[in-house]
Amino acid sequence: MRPALEFNRRIPDPLEKATAEHILEIRQWTEKLFSVKVSRSPSFRFTPGQWVRLGISSGSGLPGSVIWRPYSMVSADYDDYLEFFSILVPGGAFSSRLAASHVGDTLFVEKQPYGYLTAARFTGGRHLWLLASGTGVAPYLSILRDPDVWQRYEERILAYSVSYAREIAYRDALAALATDELLGPDRPPLRFVPIVTREAVPGTLHARLPTLIADGSLERAAGLAFTPEDSRILICGNPTMLDDVRDALVARGLRSDRSAIPGHFASENYW
Ligand code: NAP
């Protein structure tokens, strides 16, 4: 006889830790990049830069069978919806199901957001640098719509690395920052540095981020220098890129920001 424990094993109900939201909109950027807007529970609160686990039904037919993955919020903390930016991982259990979803389908959103990739974590500094590769740009779209980020820092720089120019997503949202009245008047515009690594495109840099930091090209393109006094830097994207960018910044005399010892840069690798 099989042990009773196995028969009684409890299948967790996703609604214990998540709310069931519905998909409002799906935007396809390229064949493998897409964004999803979902409804937002009025009780869900987050700080721009944070992430949350999303759950999607595995389709196995078993009750409570849900696949979970972390995604950063793209939307502002005051939007009445949540938005996420995803790459379609070929054969990926979660992203392939998400990409095949339709408006009205259910997506579970955990009630608890996580993460410390936030602009408010830093002490001091005048220039906020946001360094991204690929879908790692997601949290910065939320951070850049935060009025505090426009008040507290004198300059904001977004360096966004993609392999091909058509993979630069959210150009419209980045352009709209210039006229967003919520962000306050009389402020210098975002310094946007697009980086395209696999094709030469006028007006963009053409090497990986660690190289661009080491040889000074990123600073020249941004028109600002990395200094311990002025620079506060967030890094998000490819895990190997995070390691190499951190090394490049340390070589420039900057150090990691830790709760015990304030520093100049921070990154987060949530899986
Ligand atoms: P990706 O591979 O991070 O970005 C493509 C760009 O990164 C290309 O320019 C590529 O250059 C460059 N790159 C790749 N490896 C690099 C390295 N070791 N050093 C420097 N540059 C490098 O794009 P992705 O596939 O979208 O991955 C994004 C990452 O962000 C994932 O790890 C994801 O988990 C993470 N992330 C996603 C979210 C979200 O909400 N979706 C949030 C936070 C973080 P080449 O063309 O030369 O290869």
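**Exercise 1.** In this predicted model, classify W129 as buried or exposed.

*Solution.* Take the relative accessibility of W129, which is 0%. Buried means under 20%. W129 therefore counts as buried.

**Exercise 2.** Classify the aromatic pair of W129 and F226, and place both residues in the chain.

*Solution.* Start with the distance: the ring centres are 4.2 Å apart. Rings pair if their centres lie within 6.5 Å. Next, the planes meet at 40°. Stacked needs under 30 degrees and edge-to-face needs over 60, with the rest counted as tilted. The pair is tilted. Now locate the residues. W129 sits in strand β7 (residues 127–133), and F226 in the loop between α7 (217–222) and β10 (231–236). They are 97 residues apart, and the pair links distant parts of the chain. Finally, check F226: at 4% relative accessibility, F226 counts as buried.

**Exercise 3.** How many aromatic pairs are there, and what is the geometry of W29 with F85?

*Solution.* The count comes to nine aromatic pairs. For W29 and F85, the ring centres are 6.4 Å apart and the planes stand at 75°, so this pair is edge-to-face. W29 lies in the loop between β1 (18–28) and β2 (33–39), while F85 lies in strand β5 (residues 81–87), so the pair ties together parts 56 residues apart in sequence. F85 has 3% relative accessibility and counts as buried. W29 and F85 also form one aromatic cluster with Y170.

**Exercise 4.** Which rings have K17 and R121 over their faces?

*Solution.* K17 lies over the face of W68, 4.3 Å from the ring centre. R121 lies over the face of F122, at 5.9 Å from the ring centre.

Terms used:
Residues are numbered from 1 along each chain as its sequence is written. This is a predicted model: local features need pLDDT of at least 70, side-chain atom pairs count only at pLDDT 80 or more; totals for chains, interfaces and linings use all residues. Side-chain values use heavy atoms; hydrogens and water are left out. Rings of Phe, Tyr and Trp (its six-membered ring) pair if their centres lie within 6.5 Å; planes under 30 degrees apart count as stacked, over 60 as edge-to-face and the rest as tilted. Helices (H or I, at least four residues) and strands (E, at least two) are DSSP runs, numbered from the N terminus. Buried means under 20% relative accessible area, exposed over 50%, partly exposed in between (1.4 Å probe, protein chains only). A charge sits over a ring if NZ of Lys or CZ of Arg is within 6 Å of the ring centre and within 35 degrees of the ring normal.
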